[in-house]
Amino acid sequence: MSRMKRLRKSLTQFPDIEPPSPWLLAMESRAVWEFWAGVASFKALQYMVPRGDGHPVLVIPGLGAGDYSTALLRNFLDEIGYTSYPWDLGRNKGWHEEKREVMRERLRSVFDAYGQKISIIGQSLGGVYARELARMEPKLVRQVIMLGSPFTGHPLASSGTHLYEWLSGDRLEDQDFSQHLEMRVKPPVPTTSIYSKLDGVVAWPCSVEQPQPEAENINLRGHSHIGMASAPAALYLIAKRLAQSSDEAWQPYRPHGLARMFFDVEEPAPTATTREATVKPARKRRHSEPKAA
(Lines give C-alpha, C1' and ligand atoms only; values in the text may rest on other atoms or scores of the structure.)
Protein backbone atom coordinates (compact mmCIF):
# COMPACT_ATOMS: atom_id res chain seq x y z
CA MET A 1 0.00 0.00 0.00
CA SER A 2 1.40 3.42 -0.97
CA ARG A 3 2.21 6.12 1.59
CA MET A 4 -0.62 8.35 0.35
CA LYS A 5 -3.14 5.54 0.43
CA ARG A 6 -2.18 4.59 3.98
CA LEU A 7 -2.54 8.22 5.07
CA ARG A 8 -5.93 8.52 3.38
CA LYS A 9 -7.20 5.37 5.09
CA SER A 10 -5.97 6.60 8.47
CA LEU A 11 -8.13 9.72 8.34
CA THR A 12 -11.28 7.97 9.50
CA GLN A 13 -13.04 11.24 10.38
CA PHE A 14 -13.65 11.74 6.64
CA PRO A 15 -15.87 9.76 4.24
CA ASP A 16 -14.00 7.08 2.31
CA ILE A 17 -13.69 8.56 -1.19
CA GLU A 18 -11.15 7.38 -3.74
CA PRO A 19 -9.19 9.83 -5.94
CA PRO A 20 -10.09 9.99 -9.64
CA SER A 21 -8.85 7.05 -11.69
CA PRO A 22 -5.69 7.29 -13.87
CA TRP A 23 -8.00 7.06 -16.88
CA LEU A 24 -9.87 10.21 -15.82
CA LEU A 25 -6.58 11.98 -15.12
CA ALA A 26 -5.34 11.12 -18.62
CA MET A 27 -8.55 12.58 -20.05
CA GLU A 28 -7.64 15.99 -18.60
CA SER A 29 -5.79 16.63 -21.87
CA ARG A 30 -9.15 17.65 -23.33
CA ALA A 31 -8.76 20.90 -21.39
CA VAL A 32 -6.69 22.15 -24.34
CA TRP A 33 -9.71 21.79 -26.62
CA GLU A 34 -11.99 23.38 -24.02
CA PHE A 35 -9.69 26.40 -23.84
CA TRP A 36 -9.63 26.91 -27.60
CA ALA A 37 -13.38 26.38 -27.76
CA GLY A 38 -13.67 29.20 -25.21
CA VAL A 39 -11.46 31.43 -27.36
CA ALA A 40 -13.45 30.60 -30.51
CA SER A 41 -16.82 31.29 -28.86
CA PHE A 42 -15.63 34.36 -26.90
CA LYS A 43 -17.53 36.95 -28.94
CA ALA A 44 -20.64 34.84 -29.50
CA LEU A 45 -21.01 34.15 -25.78
CA GLN A 46 -21.10 37.88 -25.06
CA TYR A 47 -24.43 38.10 -26.89
CA MET A 48 -25.85 35.05 -25.12
CA VAL A 49 -25.44 36.14 -21.49
CA PRO A 50 -26.89 39.02 -19.45
CA ARG A 51 -24.86 42.22 -19.21
CA GLY A 52 -23.07 42.72 -15.92
CA ASP A 53 -23.86 45.47 -13.43
CA GLY A 54 -20.22 46.49 -13.05
CA HIS A 55 -19.62 45.01 -9.61
CA PRO A 56 -16.08 43.74 -8.85
CA VAL A 57 -15.15 40.07 -9.26
CA LEU A 58 -11.99 38.63 -7.68
CA VAL A 59 -10.68 35.52 -9.48
CA ILE A 60 -8.35 33.08 -7.69
CA PRO A 61 -6.35 30.43 -9.62
CA GLY A 62 -5.92 26.79 -8.73
CA LEU A 63 -2.96 24.90 -7.28
CA GLY A 64 0.23 25.40 -9.28
CA ALA A 65 -1.31 28.12 -11.46
CA GLY A 66 -1.13 31.89 -11.52
CA ASP A 67 -3.25 34.69 -12.91
CA TYR A 68 -2.36 33.66 -16.48
CA SER A 69 -4.63 30.61 -16.02
CA THR A 70 -7.70 32.80 -15.41
CA ALA A 71 -6.93 35.46 -18.05
CA LEU A 72 -9.59 34.27 -20.49
CA LEU A 73 -12.25 34.22 -17.80
CA ARG A 74 -11.31 37.67 -16.50
CA ASN A 75 -11.27 39.15 -20.01
CA PHE A 76 -14.70 37.67 -20.63
CA LEU A 77 -16.06 39.17 -17.41
CA ASP A 78 -14.65 42.59 -18.31
CA GLU A 79 -16.23 42.42 -21.77
CA ILE A 80 -19.72 41.65 -20.43
CA GLY A 81 -19.73 44.45 -17.91
CA TYR A 82 -17.98 43.42 -14.70
CA THR A 83 -14.73 44.67 -13.18
CA SER A 84 -12.46 41.69 -12.72
CA TYR A 85 -9.43 41.54 -10.44
CA PRO A 86 -6.61 38.95 -10.44
CA TRP A 87 -5.42 37.71 -7.08
CA ASP A 88 -1.90 39.18 -7.70
CA LEU A 89 -0.11 36.72 -5.42
CA GLY A 90 1.91 34.80 -8.00
CA ARG A 91 1.66 31.04 -8.33
CA ASN A 92 -0.71 29.26 -5.98
CA LYS A 93 1.62 27.06 -3.93
CA GLY A 94 -0.84 25.79 -1.38
CA TRP A 95 -2.40 26.95 1.85
CA HIS A 96 -0.21 28.66 4.44
CA GLU A 97 -1.44 30.55 7.47
CA GLU A 98 0.57 33.65 6.57
CA LYS A 99 -1.21 33.78 3.22
CA ARG A 100 -4.59 34.03 4.95
CA GLU A 101 -4.02 37.64 6.03
CA VAL A 102 -2.41 38.56 2.70
CA MET A 103 -5.51 37.37 0.84
CA ARG A 104 -7.73 39.12 3.34
CA GLU A 105 -5.92 42.39 2.64
CA ARG A 106 -6.29 41.78 -1.08
CA LEU A 107 -10.05 41.41 -0.65
CA ARG A 108 -10.24 44.57 1.44
CA SER A 109 -8.19 46.54 -1.10
CA VAL A 110 -10.57 45.58 -3.90
CA PHE A 111 -13.57 46.52 -1.76
CA ASP A 112 -12.01 49.87 -0.83
CA ALA A 113 -11.17 50.60 -4.46
CA TYR A 114 -14.68 49.93 -5.71
CA GLY A 115 -17.00 50.37 -2.73
CA GLN A 116 -19.23 47.41 -3.61
CA LYS A 117 -19.52 43.83 -2.41
CA ILE A 118 -17.26 41.47 -4.32
CA SER A 119 -18.10 38.21 -6.06
CA ILE A 120 -15.26 35.71 -5.69
CA ILE A 121 -14.55 32.98 -8.23
CA GLY A 122 -12.02 30.29 -7.37
CA GLN A 123 -10.79 27.42 -9.47
CA SER A 124 -9.92 24.17 -7.66
CA LEU A 125 -7.92 25.08 -4.52
CA GLY A 126 -8.66 28.73 -5.33
CA GLY A 127 -12.32 27.98 -4.62
CA VAL A 128 -11.40 26.79 -1.13
CA TYR A 129 -9.61 30.12 -0.63
CA ALA A 130 -12.67 31.97 -1.92
CA ARG A 131 -14.84 30.12 0.54
CA GLU A 132 -12.53 30.95 3.45
CA LEU A 133 -12.37 34.63 2.47
CA ALA A 134 -16.17 34.77 2.49
CA ARG A 135 -16.17 33.19 5.93
CA MET A 136 -13.68 35.77 7.25
CA GLU A 137 -15.23 38.83 5.58
CA PRO A 138 -18.88 38.05 4.77
CA LYS A 139 -19.85 41.74 4.74
CA LEU A 140 -17.50 42.32 1.80
CA VAL A 141 -18.62 39.34 -0.30
CA ARG A 142 -21.63 39.14 -2.60
CA GLN A 143 -21.33 35.47 -3.59
CA VAL A 144 -18.80 32.68 -4.08
CA ILE A 145 -18.48 30.55 -7.22
CA MET A 146 -16.24 27.48 -6.99
CA LEU A 147 -14.94 25.52 -9.99
CA GLY A 148 -14.03 21.93 -9.16
CA SER A 149 -13.08 22.87 -5.60
CA PRO A 150 -12.41 20.17 -2.95
CA PHE A 151 -14.07 21.75 0.07
CA THR A 152 -15.83 18.65 1.42
CA GLY A 153 -15.41 14.87 1.17
CA HIS A 154 -11.89 13.56 1.83
CA PRO A 155 -8.92 15.99 1.75
CA LEU A 156 -6.76 13.40 -0.04
CA ALA A 157 -9.34 12.30 -2.65
CA SER A 158 -7.31 14.01 -5.36
CA SER A 159 -4.68 13.09 -7.92
CA GLY A 160 -2.82 16.30 -7.09
CA THR A 161 -1.53 15.36 -3.62
CA HIS A 162 2.11 14.94 -4.70
CA LEU A 163 1.95 18.24 -6.60
CA TYR A 164 0.68 19.93 -3.45
CA GLU A 165 3.60 18.58 -1.40
CA TRP A 166 6.12 19.66 -4.04
CA LEU A 167 4.76 23.21 -4.39
CA SER A 168 4.03 23.87 -0.73
CA GLY A 169 7.13 22.18 0.69
CA ASP A 170 4.96 20.49 3.33
CA ARG A 171 4.48 16.79 4.02
CA LEU A 172 0.80 15.89 4.16
CA GLU A 173 1.43 13.79 7.28
CA ASP A 174 2.23 17.05 9.08
CA GLN A 175 -1.01 18.78 8.07
CA ASP A 176 -3.71 19.72 10.58
CA PHE A 177 -6.66 18.03 8.90
CA SER A 178 -9.10 19.39 11.47
CA GLN A 179 -9.17 22.51 9.30
CA HIS A 180 -10.81 20.46 6.56
CA LEU A 181 -13.73 19.71 8.85
CA GLU A 182 -14.23 23.45 9.31
CA MET A 183 -14.19 23.96 5.54
CA ARG A 184 -17.40 21.96 5.26
CA VAL A 185 -19.32 24.75 6.97
CA LYS A 186 -20.83 27.01 4.35
CA PRO A 187 -19.93 30.71 4.61
CA PRO A 188 -22.89 33.05 5.23
CA VAL A 189 -23.15 34.15 1.59
CA PRO A 190 -24.68 32.47 -1.50
CA THR A 191 -22.41 29.74 -2.87
CA THR A 192 -22.34 27.98 -6.22
CA SER A 193 -20.26 24.83 -6.64
CA ILE A 194 -19.64 23.95 -10.29
CA TYR A 195 -18.16 20.49 -10.71
CA SER A 196 -17.80 17.69 -13.25
CA LYS A 197 -18.38 14.00 -12.70
CA LEU A 198 -15.53 13.40 -15.18
CA ASP A 199 -13.07 15.50 -13.17
CA GLY A 200 -9.66 13.84 -13.36
CA VAL A 201 -8.02 15.77 -10.51
CA VAL A 202 -10.58 16.13 -7.70
CA ALA A 203 -13.08 13.37 -6.85
CA TRP A 204 -16.37 15.07 -7.69
CA PRO A 205 -18.18 14.21 -4.39
CA CYS A 206 -15.62 16.50 -2.71
CA SER A 207 -17.17 19.44 -4.59
CA VAL A 208 -20.78 18.89 -3.56
CA GLU A 209 -22.35 21.17 -0.96
CA GLN A 210 -24.80 19.68 1.51
CA PRO A 211 -28.42 20.78 0.72
CA GLN A 212 -29.10 24.06 2.49
CA PRO A 213 -30.41 27.57 1.75
CA GLU A 214 -28.42 29.80 -0.62
CA ALA A 215 -26.26 26.95 -1.83
CA GLU A 216 -26.29 25.06 -5.11
CA ASN A 217 -24.37 22.35 -6.94
CA ILE A 218 -24.20 22.32 -10.75
CA ASN A 219 -22.69 19.44 -12.70
CA LEU A 220 -20.90 20.71 -15.80
CA ARG A 221 -21.54 17.59 -17.84
CA GLY A 222 -18.48 15.91 -19.36
CA HIS A 223 -15.99 18.68 -18.65
CA SER A 224 -12.42 18.47 -17.39
CA HIS A 225 -11.04 19.90 -14.16
CA ILE A 226 -8.33 22.05 -15.72
CA GLY A 227 -10.59 23.54 -18.40
CA MET A 228 -13.36 24.57 -16.04
CA ALA A 229 -12.43 28.27 -16.16
CA SER A 230 -12.28 28.52 -19.95
CA ALA A 231 -14.79 26.12 -21.53
CA PRO A 232 -17.73 27.89 -23.25
CA ALA A 233 -20.36 26.22 -21.04
CA ALA A 234 -18.45 27.28 -17.92
CA LEU A 235 -18.15 30.90 -19.08
CA TYR A 236 -21.87 30.95 -19.86
CA LEU A 237 -22.82 29.50 -16.48
CA ILE A 238 -20.55 31.85 -14.51
CA ALA A 239 -22.08 34.85 -16.29
CA LYS A 240 -25.60 33.63 -15.47
CA ARG A 241 -24.77 33.26 -11.77
CA LEU A 242 -23.09 36.66 -11.53
CA ALA A 243 -26.06 38.37 -13.15
CA GLN A 244 -28.36 38.07 -10.15
CA SER A 245 -29.27 41.42 -8.65
CA SER A 246 -28.01 42.05 -5.14
CA ASP A 247 -31.33 43.77 -4.39
CA GLU A 248 -33.35 40.60 -4.96
CA ALA A 249 -33.51 37.29 -3.12
CA TRP A 250 -30.92 34.79 -4.33
CA GLN A 251 -32.33 32.08 -6.62
CA PRO A 252 -30.69 28.81 -7.69
CA TYR A 253 -29.92 28.22 -11.34
CA ARG A 254 -32.47 26.29 -13.37
CA PRO A 255 -31.41 25.32 -16.92
CA HIS A 256 -34.00 25.50 -19.69
CA GLY A 257 -34.11 24.12 -23.19
CA LEU A 258 -30.73 23.17 -24.66
CA ALA A 259 -28.99 24.23 -21.45
CA ARG A 260 -30.19 20.97 -19.88
CA MET A 261 -27.73 19.14 -22.13
CA PHE A 262 -24.80 20.90 -20.45
CA PHE A 263 -25.91 21.40 -16.84
CA ASP A 264 -27.34 19.07 -14.23
CA VAL A 265 -28.67 20.63 -11.02
CA GLU A 266 -30.04 19.36 -7.73
CA GLU A 267 -33.17 20.47 -5.96
CA PRO A 268 -32.36 23.36 -3.59
CA ALA A 269 -33.07 23.37 0.12
CA PRO A 270 -36.08 25.41 1.30
CA THR A 271 -35.45 29.12 1.62
CA ALA A 272 -34.42 30.19 5.12
CA THR A 273 -34.72 33.54 6.84
CA THR A 274 -31.04 33.55 7.77
CA ARG A 275 -27.72 32.91 6.07
CA GLU A 276 -26.20 31.39 9.20
CA ALA A 277 -26.71 27.84 7.93
CA THR A 278 -24.25 25.13 8.89
CA VAL A 279 -23.37 21.79 7.41
CA LYS A 280 -23.51 18.47 9.17
CA PRO A 281 -20.35 16.37 8.80
CA ALA A 282 -20.57 14.08 5.78
CA ARG A 283 -21.30 10.48 6.68
CA LYS A 284 -18.99 7.68 5.72
CA ARG A 285 -19.76 5.87 2.50
CA ARG A 286 -21.33 2.48 3.02
CA HIS A 287 -19.92 -0.56 1.31
CA SER A 288 -23.04 -0.80 -0.80
CA GLU A 289 -22.49 2.65 -2.26
CA PRO A 290 -20.38 2.98 -5.42
CA LYS A 291 -16.99 4.60 -5.13
CA ALA A 292 -16.41 7.97 -6.72
CA ALA A 293 -14.81 7.92 -10.11
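Q: Which residue of β7 is the bridge partner of L220?
A: This is a predicted model, in which local features need pLDDT of at least 70, side-chain atom pairs count only at pLDDT 80 or more, and totals for chains, interfaces and linings use all residues. Residues are numbered from 1 along each chain as its sequence is written, and side-chain values use heavy atoms, with hydrogens and water left out. Strand β6 (residues 215-220) and β7 run antiparallel and are joined by three bridges; strands (E, at least two residues) and helices (H or I, at least four) are DSSP runs numbered from the N terminus. In β7, L220 has as its bridge partner F263.

Q: What is the order of the strands in the open sheet?
A: Two strands pair if DSSP finds at least two bridges between them. The sheet is open, has seven strands and shows mixed pairing, in the order β2-β1-β3-β4-β5-β6-β7.

Q: Which strands stand at the edges of the sheet?
A: An edge strand here has a single partner strand, so one side of it is left without a neighbour in the sheet. The strands in that position are β2 and β7 (263-265).

Q: What angle does the direction of helix α10 make with that of β4?
A: Axes are lines fitted to C-alpha atoms, for helices over the stretch in contact, and angles run from 0 to 180 degrees between N-to-C directions. Helix α10 (residues 232-242) packs on the sheet and touches β1, β3, β4, β5 (191-195), β6 and β7, where contact means heavy atoms within 4.5 Å. The angle between α10 and β4 is about 160 degrees.

Q: How many Å apart are the end C-alpha atoms of helix α6?
A: The expected span of a helix is 1.5 Å times one less than its number of residues. For the 18 residues of α6 (residues 97-114) that gives 26 Å, which agrees with the separation in the model, 27 Å.

Q: What arc around the axis of α6 do its buried residues cover?
A: Buried means under 20% relative accessible area, exposed over 50%, and partly exposed in between (1.4 Å probe, protein chains only). In α6 the buried residues are K99, R100, M103, R104, R106, L107 and V110. They lie on the same side of α6, because the arc, taken from the directions from the helix axis to the C-beta atoms, is only 155 degrees.

Q: Which exposed residues does α6 carry on the face turned away from its buried side?
A: The buried residues of α6 are covered by elements including β1 (56-60), β2 (83-86), β3 (118-123), α7 (125-136) and β4 (141-147). The face turned away carries E98, D112 and A113.

Q: How far apart are the C-alpha atoms of W87 and M103?
A: W87 lies in the loop between β2 and α6 and counts as buried, at 1% relative accessibility. Its contacts, not counting residues up to four places away in sequence, include K99, M103 and R106. W87 and M103 are 16 residues apart along the chain, and their C-alpha atoms are separated by 7.9 Å.

Q: Which residue's backbone nitrogen does the side chain of H154 reach?
A: H154 is placed in the loop between β4 and α8 (161-168) and counts as buried at 2% relative accessibility. Among the residues that H154 touches are R8, F14 and C206. At 3.0 Å, the side chain of H154 reaches the backbone nitrogen of L156.

Terms used: Polar contact = N/O pair within 3.5 Å; in protein donor to acceptor, adjacent residues only side chain to side chain.
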